[in-house]
Every structure is written in C-alpha cells, then in structure tokens.
Amino acid sequence: MREHYRHEGLTEGQLAADPFQQFAQWFHEAREAGVPEPNAMVLSTADAEGLPSARTVLLKGYDPRGFVFFTNYGSRKGADLAANPNAALLFPWIVLARQVIVTGRVEKVGRDETAAYFRTRPHGSQLGAWASEQSSPVAGREVLEQRYADLAARYPEGEGVPVPPFWGGYRVVPRTVEFWQGRENRLHDRLRFVAAGEGAAGGGAAGGGAAGAAPGGGGSSGSAPEAPLPQS
C-alpha cells in the first residue's frame with residue numbers, strides 16, 4: 001500500500017521566521033482541513049536503559065517555551081522521563097501529507113500552571129485523574145469503576161476537585177522542530193529548525209529559514225538545511 005502525494009511543497013520562502021509561527025500556521029490548516037484531533041501527538045520516550053516506548057497524548061498548549069501535555073507522573077512515560085528527560089513528539093497530519101516532529105529535553109511545568117489547566121477539565125476527567133493509576137494493573141474493570149463512583153460521591157458535580165499530587169504537566173523544550181511535507185514521486189520536503197548550540201546534522205545553518213527536499217522513500221533519507229531556533 002502506497003499513497004501518491006500530490007500536495008504543494010514547502011519552500012524556504014514560505015517558511016515562517018520561527019518554528020512556533022510555522023507550527024501555528026500548520027495547526028490552523030490542519031483544523032480547517034478537518035483533521036481529527038489535530039492536537040493528538042505520538043510521544044516517544046526511553047527509559048534509563050534506552051528501551052523506547054510510544055503512545056498518543058494530547059497537546060494542551062504551546063508557546064516559545066515548548067509543547068505541553070499532562071499525565072500521571074507514575075505512568076510509564078512519567079517513569080521514563082524521570083530517568084531520561086528527553087522525548088520526541090510526532091504530529092501525523094496524514095490528510096495533508098504533513099508531519100511535524102519535535103525533539104528536546106523535558107521538564108515539569110509549575111504546579112500553578114498544572115492547577116490552572118486542571119480547572120478547565122470536565123468534572124469527569126478531573127475524577128478520572130484520581131481514579132486511574134496509569135500503567136498500573138488492576139484486578140478488573142469493576143475496581144476502576146468503583147474508584148470512580150467513590151470519588152463521584154465524594155466530589156459531586158459543582159464541587160471543586162483538588163489536583164492530584166501525582167498528576168501534572170510536562171513541557172518538551174525543543175532542540176529540533178522538523179516540518180515534513182509529502183511530495184510527488186517521494187521527493188518530500190523536510191525543513192528543520194535546530195536550537196543554537198546543538199550543532200547541525202545536515203546542511204548547516206541557514207539564516208532566517210531552512211529549506212530542502214529530502215529524497216527517499218517516506219522521507220527517511222537525505223537531510224535538509226537547518227535554521228537556528230529563536231532564543232526564548
């Protein structure tokens with residue numbers, strides 16, 4: 001199975017001045033194109049021994065500091081990040097033949113920021129954060145549902161639910177942000193921003209923007225010129 005891409009490319013002249021502006025533009029276009037849950041992203045982590053794992057999570061905010069998601073600190077991803085605070089994000093906007101790939105170090109967001117987001121969650125999701133011990137086995141579904149029922153009785157609708165101390169946000173502070181556009185005949189465009197001081201794996205620095213076609217099946221070979229990430 002192979003899809004023949006016939007989308008327009010992304011040239012250096014079309015690239016925004018920084019990756020967050022470019023991401024905002026592509027994110028808006030993904031929403032306008034009807035991409036289901038355009039904020040869904042594949043989060044890849046690795047433990048202290050380098051064993052990788054991946055799962056889909058939801059982006060809950062982004063700005064020049066990085067990309068934010070929330071989870072249980074005791075989950076597998078939380079354990080991975082405690083031992084190895086580096087991660088990759090992949091936004092698979094397949095309808096548009098686009099991907100955005102972010103790599104970088106990971107830090108916890110402050111508790112005030114976590115509390116502010118937690119208060120915006122639906123009541124059921126707030127209770128679920130308490131009830132679900134992510135990545136931990138349970139004796140059965142009924143155990144999980146009973147926990148939820150007990151919490152619902154303790155914190156009925158309209159009553160404030162406290163933020164679990166084991167739950168909060170992480171921010172991926174980007175080292176690289178790559179924009180991938182599928183093109184005809186597998187001659188895809190791959191444009192990458194690199195944080196200052198990280199070095200260039202490809203064609204070196206390109207002031208003000210980056211551009212280049214990376215030929216190869218699936219865009220997996222070749223390298224594109226790179227531009228520095230702006231300092232925050």
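Strands here are DSSP runs of at least two residues, numbered from the N terminus. On that count Arg190 lies in strand E8 of what is, it should be said at once, a predicted model. Arg190 comes out at 6% relative accessibility, and because buried means under 20%, this arginine counts as buried. What does its side chain make a polar contact with? The partner is the side chain of Glu178, at 3.2 Å.

Strand E8 (187–194) also turns up in the largest nonpolar core, as one of the elements that supply at least two residues each. That core has 30 residues, and the members touching the most others are Phe23, Phe69, Leu89, Phe91, Trp93, Val100 and Phe179. Besides E8, at least two residues apiece come from helix H1 (19–32) and from strands E1 (40–46), E4 (66–72), E5 (86–93), E6 (98–108) and E7 (167–181). H1 gives the largest share, with 5 residues. A second core, of 12 residues, lies apart from this one and has Phe70, Val109, Ala129 and Val161 among its members. As background, nonpolar side chains in soluble globular proteins tend to be buried together.

Phe23 is a handy place to look around from. Setting aside neighbours within four places in sequence, Phe23 is in contact with Leu59, Tyr62, Phe67, Phe91, Trp93, Val100 and Phe179. Several of those names come back in the ring analysis: Phe20, Phe23, Phe27, Tyr62, Phe67, Phe91 and Trp93 form one aromatic cluster.

Aromatic pairs come to 20 in the count. One of them joins Phe20 and Phe67, with 5.9 Å between ring centres and 35 degrees between the planes, which makes the pair tilted. Phe20 belongs to helix H1 and Phe67 to strand E4, so this pair links distant parts of the chain, 47 residues apart. Both rings are tucked away: Phe20 is buried at 9% relative accessible area, and Phe67 is buried at 0%. Another pair brings together Phe118 and Trp167, whose ring centres are 5.3 Å apart; the planes meet at 70 degrees, so this one is edge-to-face. With Phe118 in helix H3 and Trp167 in strand E7, the pair ties together parts 49 residues apart in sequence. Phe118 and Trp167 are both buried.

Helix H3 (residues 111–118) deserves a look of its own. Its buried residues are Thr114, Ala115, Tyr117 and Phe118. Which part of the helix do they line? Viewed down the axis of H3, these residues fall within an arc of 165 degrees, so they line one face of the helix. What they pack against is E4, helix H4 (123–131) and E7.

Two further spots round off the picture. The charged end of Lys108 sits over the ring of Tyr73, 3.9 Å from the ring centre. Pro156, meanwhile, lies in the loop between helix H5 (141–154) and E7. Is Pro156 buried or partly exposed? Its relative accessibility is 35%, so Pro156 counts as partly exposed. The C-alpha atom of Pro156 is separated by 9.9 Å from that of Gly124, a residue 32 places away along the chain.

Notes. Residues are numbered from 1 along each chain as its sequence is written. This is a predicted model: local features need pLDDT of at least 70, side-chain atom pairs count only at pLDDT 80 or more; totals for chains, interfaces and linings use all residues. Side-chain values use heavy atoms; hydrogens and water are left out. A nonpolar core is a set of buried Ala, Val, Leu, Ile, Met, Phe, Trp, Tyr and Cys residues joined through side-chain atoms within 4.5 Å. Buried means under 20% relative accessible area, exposed over 50%, partly exposed in between (1.4 Å probe, protein chains only). Helices (H or I, at least four residues) and strands (E, at least two) are DSSP runs, numbered from the N terminus. Contact means heavy atoms within 4.5 Å. The arc is that of the directions from the helix axis to the C-beta atoms. Rings of Phe, Tyr and Trp (its six-membered ring) pair if their centres lie within 6.5 Å; planes under 30 degrees apart count as stacked, over 60 as edge-to-face and the rest as tilted. A charge sits over a ring if NZ of Lys or CZ of Arg is within 6 Å of the ring centre and within 35 degrees of the ring normal. A polar contact is a pair of N or O atoms within 3.5 Å; within protein, one must be able to donate a hydrogen and the other to accept it, and residues adjacent in sequence count only if both atoms are side-chain atoms.
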